[in-house]
Amino acid sequence: MNGFFDIPSDLDNTYFGLIGLHLREALLPVLAGLLLALPVAQLCVRFRWLYPPVLGVTTVFYAIPSLAVFVVLIDYTGQTELTVMIPLAVYSLVVLVPAIVDGVRSVPEETLAASTAMGFGPVRRYLQVQLPIAVPAILAGLRVAVSASISLVSVGALIGNQGALGNLLADAQKYGRPELAVNSVLTTAVLAILCDAALVLVRNLLTPWMPRGGTRRPKAAAVRQGRPETEKAAAR
């Protein structure tokens, strides 16, 4: 463990500073992608013909390697965090649009009809009825987007120390210190796991009506325990 947390001076940061930087570069793009995805998904739900072309374009964007996008952007945004965050926001948008569309479309027609009968307009119905019911699907998309964003931030190390924890990978090769690479990989994995766990907790808090793991086991056990008594009663 000697030197594991000894961050090279050329990074001008501490271990926990790199963690904060990594989270900022990873989570802000996801937030931006979510804010953009909500109105785009609503348009796709309202105008069904719009969804196939939007899905096609977003799929093409997702297939473009992040490094290629960095090369294009670097002439305009320079070697800055923004060069890393713009592609991550686009990737998040690509993941979240289908998730939101599928979640909103899963709302039962009778629920929509009831909200319309209560005087809900399109915007109010979308915000107060469709989105809350679509929370499980939206958070499933967020889990994918957050995990992908946390891992892709490290690629920013290739454009001038903008990779946060990924910079440790470059310094591990530069200074011949493999423990820095191990530090980078392990810390990035732990961050992804913790963020995913936080999103699961948020989902559980926002959707108390959803079944939880193990909620049906006691009932099944009771059925199994009661089966012999039932069989005896039938025999009598």
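Residues 180-202 are 100% helix and 0% strand, and the C-alpha atoms at the two ends lie 33 Å apart. I start there, but keep in mind that this is a predicted model. That span is one of those that UniProt, in an unreviewed entry, annotates as "transmembrane region"; the others in the record are 26-47, 54-76, 82-101 and 133-160. I have numbers for residues 26-47 as well: 95% helix, 0% strand, and 32 Å between the end C-alpha atoms.

Now the chain as a whole. The secondary structure comes to 10 helices and zero strands. Read from the N terminus, the order of elements is therefore α-α-α-α-α-α-α-α-α-α. Of the 236 residues in the protein chain, 39% are buried.

Next, the salt bridges. How many does the structure hold? There are three.

I take Arg24 and Glu81 to begin with. Their closest N and O atoms are 2.4 Å apart. Arg24 sits in helix α1, residues 15-46, and Glu81 in helix α4, residues 81-105, so this pair ties together parts that are 57 residues apart in sequence. Are these two side chains buried or exposed? Neither word fits: Arg24 is partly exposed at 40% relative accessibility, and Glu81 is partly exposed at 24%.

Then there is Arg143 with Asp196, where the closest N and O atoms are 2.7 Å apart. This pair also links distant parts of the chain, with Arg143 in helix α7, residues 135-152, and Asp196 in helix α9, residues 178-206, 53 residues apart. Asp196 falls in the annotated region 180-202 that I opened with, and Arg143 falls in the annotated region 133-160. Arg143 has a relative accessibility of 28% and counts as partly exposed.

The remaining bridge joins the side chains of Arg177 and Glu179, at 2.9 Å from N to O. Here the partners fall into separate classes. Buried means under 20% relative accessible area, so Arg177, at 17%, is buried. Glu179, at 22%, counts as partly exposed.

On to the inside of the model. One cavity of 30 Å³ or more is counted. The volume of the largest cavity is about 40 Å³. Which residues line it? They are Tyr62, Leu88, Tyr91, Ser92, Val95, Ala145, Ala148, Ser149 and Leu152. Helices α4 and α7 are the elements that give two or more residues to that lining. We have met both helices already, since α4 carries Glu81 and α7 carries Arg143.

Staying with α4, Pro98 also has its place in that helix. Pro98 is buried, with a relative accessible area of 17%. Its C-alpha is 10.0 Å from that of Val40, and the two residues are 58 apart in sequence.

There are two other C-alpha pairs to look at on the screen. Leu67 is in helix α3, residues 66-77, and at 39% relative accessibility Leu67 is partly exposed. The C-alpha atoms of Leu67 and Ile159 are separated by 9.0 Å, with their positions 92 residues apart along the chain. Both positions fall within spans annotated in the UniProt entry, Leu67 in 54-76 and Ile159 in 133-160.

For the other pair, go to helix α8, residues 167-175, where Tyr175 is found. At 40% relative accessibility, Tyr175 counts as partly exposed. Which residue is it paired with here? The partner is Pro8: the C-alpha atoms are separated by 9.0 Å, and the residues are 167 apart along the chain.

I finish on the surface. Val57, Val60, Phe61 and Ile64 form a nonpolar patch there, and together they have about 330 Å² of accessible area. Val57 is found in helix α2, residues 51-63. Why can Val57 count towards a patch? A patch residue needs over 30% relative accessible area, and Val57 qualifies because its value is 45%, which makes it partly exposed. The patch residues lie within the 54-76 span that UniProt annotates as "transmembrane region".

Notes:
Residues numbered from 1 in each chain as written. Predicted model: local features only at pLDDT ≥ 70, side-chain atom pairs only at ≥ 80, totals over all residues. Heavy atoms only, no water. UniProt positions renumbered as here; feature names shortened; annotations may be inferred. Helix = DSSP H or I, 4+ residues; strand = E, 2+ residues; numbered from the N terminus. Patch = residues over 30% accessible without salt bridge, like charges linked within 9 Å, V, L, I, M, F, W, Y side chains within 5 Å. Areas by Shrake-Rupley, 256 points an atom, 1.4 Å probe, with all protein chains shown as cover. Salt bridge = Lys/Arg side-chain N within 4 Å of Asp/Glu carboxyl O. Buried < 20%, exposed > 50% of the residue type's maximum accessible area, 1.4 Å probe, protein only. 1 Å grid on protein atoms, 1.4 Å probe; cavity = no way out; pocket = protein on both sides within 12 Å on 5 of 7 lines; lining within 4 Å. Points joined across faces, edges and corners; volume = space filled by probe spheres on them.
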